[in-house]
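Visitor: I should like to learn how to read the features of this model, beginning with the ligand. Please show me the structure.

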Amino acid sequence: MTVQQRFDTHDIFNQSPPFENVDLYASDRALQDAVAANGAGSEAAALSEFGRRWGAAAMFDAARLANENTPKLKTFDTKGFRRDVVEFHPAYHQFMAEAFRDGLHASTWNADGTRAAAPSEVARAARFFMVAQVENGHQCPITMTRACVGALGVEPALLAKLIGKITSRTYDSRFIPWWEKDGITLGMGMTEKQGGTDVRANTTTAIPTGDGYAITGHKWFMSAPMCDAFLVLAQAPGGLTCFLMPRFRPDGSVNGLRFQRLKDKLGNRSNASSEVEFVEAFAWRVGEEGRGVRTIIEMVQLTRVDCVIGSAGIMRMALAQAVHHTRYRTVFQRKLADQPMMRTLTADLALEMEGITAVTMRLCRAFDLAASNPEEAARARLLTPAVKYWVCKSAPPFIYEAMECLGGNGYVEEAPLSRLYREAPLNAIWEGSGNVMCLDVLRALSREGEAARAVLGDLVTTCADLPGAKAAAAFIAKTFMSADGEAKARAAVEKLAMLAATAALAESAPVVAAAFARTRLEAPRGATFGTADLGAAEIGLMLDRVLPAA
Ligand SMILES: Cc1cc2nc3c(=O)[nH]c(=O)nc-3n(C[C@H](O)[C@H](O)[C@H](O)COP(=O)(O)OP(=O)(O)OC[C@H]3O[C@@H](n4cnc5c(N)ncnc54)[C@H](O)[C@@H]3O)c2cc1C
């Protein structure tokens, strides 16, 4: 593309070229190392092809379009009949179709609904991580579709009916009954006005009918409302129960879902999040009555991992944009990338990203191995909430700092930094907010104490003599066991996640593990990025690894 560089009044120079047409895999050394160390190295060529496709300029432009042209709720038609449909920009559908083609919604499941063999979790995570660098809104239904299969496993007959449509690689956006479609998506509705964390306070009711249940009530948040069916919680005669509610009743008529309005959200704007009423809506029971929370836990673990991967992805894009820009921009006759303080800052961000990338892929490896390895199952159980807590909460300050590296250009809408920044808090809030994640770590420790302690021991062994690792483990154990362990849980959970990141780095990128341990465990850096005590060689190493030279 030719751009106008000469204006009547001035010439344009000293601006960085757009960061696009890049291989999101081959340009990310930390990702490649983490993928290889966690069993998916054989996917490298396919991941690189994927990285080039998703890193194309046209994809970045489609992401801008999907987010500028937000979905619209069409509640009624011109004659006053209910429609209850949401219309999306074609760019959103394009992302859904791409994600379906690449199996991001289902590649971790076999055609019969059982778990696909390793390294399906790590391979999908690498792709999901790259997609998150480009467009986030459409990842919501993609995540929920894959995760719902985990809960539907308790109803083999129902799952058998649906699984062929779920694992289809064809995205079908038509508003028609699920059995007529080429591929379907699944969503979920748990949060009500009076409570999201405390779903046991749900007031929505479920009354058994001959062929299923009639659900009456509401949900305060129900994202991706054009999904073909939703896992919902409602109070059945036997207590809080999980259900699957399709958009169309078995007789082909439109089901009783009445969308009230769409949320006007801070970010995640390409995706719709609805408020909805259920008017005797038809649903199938999933799991026993009274076991609703137990049933959806299978799904929640998977959505939480995707929150981690998604946050890691937007951080990586923010970092890449920052490093790219500083390599072109000159200030005081010197490239920003050569200014000593900017080098420390971007190296510190890159080091954080190394830890986050490593721990994210290691966590997905635990999911890959959990079915056949109890230690890995315990690792997934204990570390999912801890890593979600740390990674998702790290995203806003990290992205803000990357944004500042672009100066004023970072703050305007044309650059993706502002969109990434608005997206950043979401993954921490939904699927278990920060405090709730810490409570979940405490729950894992109290229910599976021995196995959880073994995970902690294993992390320390993996860290060997890395600085601060043993002291961190002692602090974690002491804090959790203290009488006011709940009040102090945030400090211990944060440390646990960083210890896990150090251990993951020791396995996948040992060359940076010591710097991470020293500046995150032994002598934690100051409140802002760029305050870590890094030596010149460490800074050089980080900046070599973060992005290939142009
Ligand atoms: C964009 C978006 C999309 C969403 N999509 C969906 C969806 O599709 N389906 C769905 O069901 N929900 C959805 N949600 C809702 C989301 O899951 C809830 O907002 C979230 O679970 C928190 O629930 P809440 O809003 O009721 O907050 P509350 O439960 O009231 O929590 C408020 C705060 O209190 C803290 N807290 C809670 N309990 C404790 C405790 N015991 N000790 C200390 N602190 C505590 C929490 O960490 C949180 O910070 C969505 C939310 C957003 C923002």
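Guide: An oxygen atom of the ligand lies 2.5 Å from an N or O atom in the side chain of threonine 197, a polar contact (a pair of N or O atoms within 3.5 Å). The model is predicted: local features need pLDDT of at least 70, side-chain atom pairs count only at pLDDT 80 or more, and totals for chains, interfaces and linings use all residues. Residues are numbered from 1 along each chain as its sequence is written, and side-chain values use heavy atoms, with hydrogens and water left out.

Visitor: How much of the ligand's accessible area does the protein cover?

Guide: Of the 980 Å² of accessible area that the ligand has on its own, the protein covers 67%, by the Shrake-Rupley method with a 1.4 Å probe.

Visitor: Which elements give two or more residues to the shell around the ligand?

Guide: They are β3 (186–189), β5 (213–223), α12 (426–429) and α13 (434–447). Helices (H or I, at least four residues) and strands (E, at least two) are DSSP runs, numbered from the N terminus. A nitrogen atom of the ligand is 3.0 Å from a polar backbone atom of methionine 188.

Visitor: How are two packed helices described?

Guide: One gives the angle between their axes and the distance between the axes. Here the axes of α14 (residues 449–463) and α16 (residues 489–508) come within 8 Å and cross at roughly 45 degrees. Therefore α14 is oblique to α16; angles under 35 degrees count as roughly parallel, over 145 as roughly antiparallel, 65 to 115 as roughly perpendicular and the rest as oblique. The axes are lines fitted to C-alpha atoms over the stretch in contact, with angles running from 0 to 180 degrees between N-to-C directions.

Visitor: What should one look for in the backbone?

Guide: Most residues other than glycine have a negative phi, and most peptide bonds are trans. Phenylalanine 332 has a positive phi of about 55 degrees although it is not a glycine, and sits in the loop between β10 (330–331) and β11 (334–335). The peptide bond from alanine 118 to proline 119 is cis, with omega near 5 degrees.

Note on methods: Polar contact = N/O pair within 3.5 Å; in protein donor to acceptor, adjacent residues only side chain to side chain.
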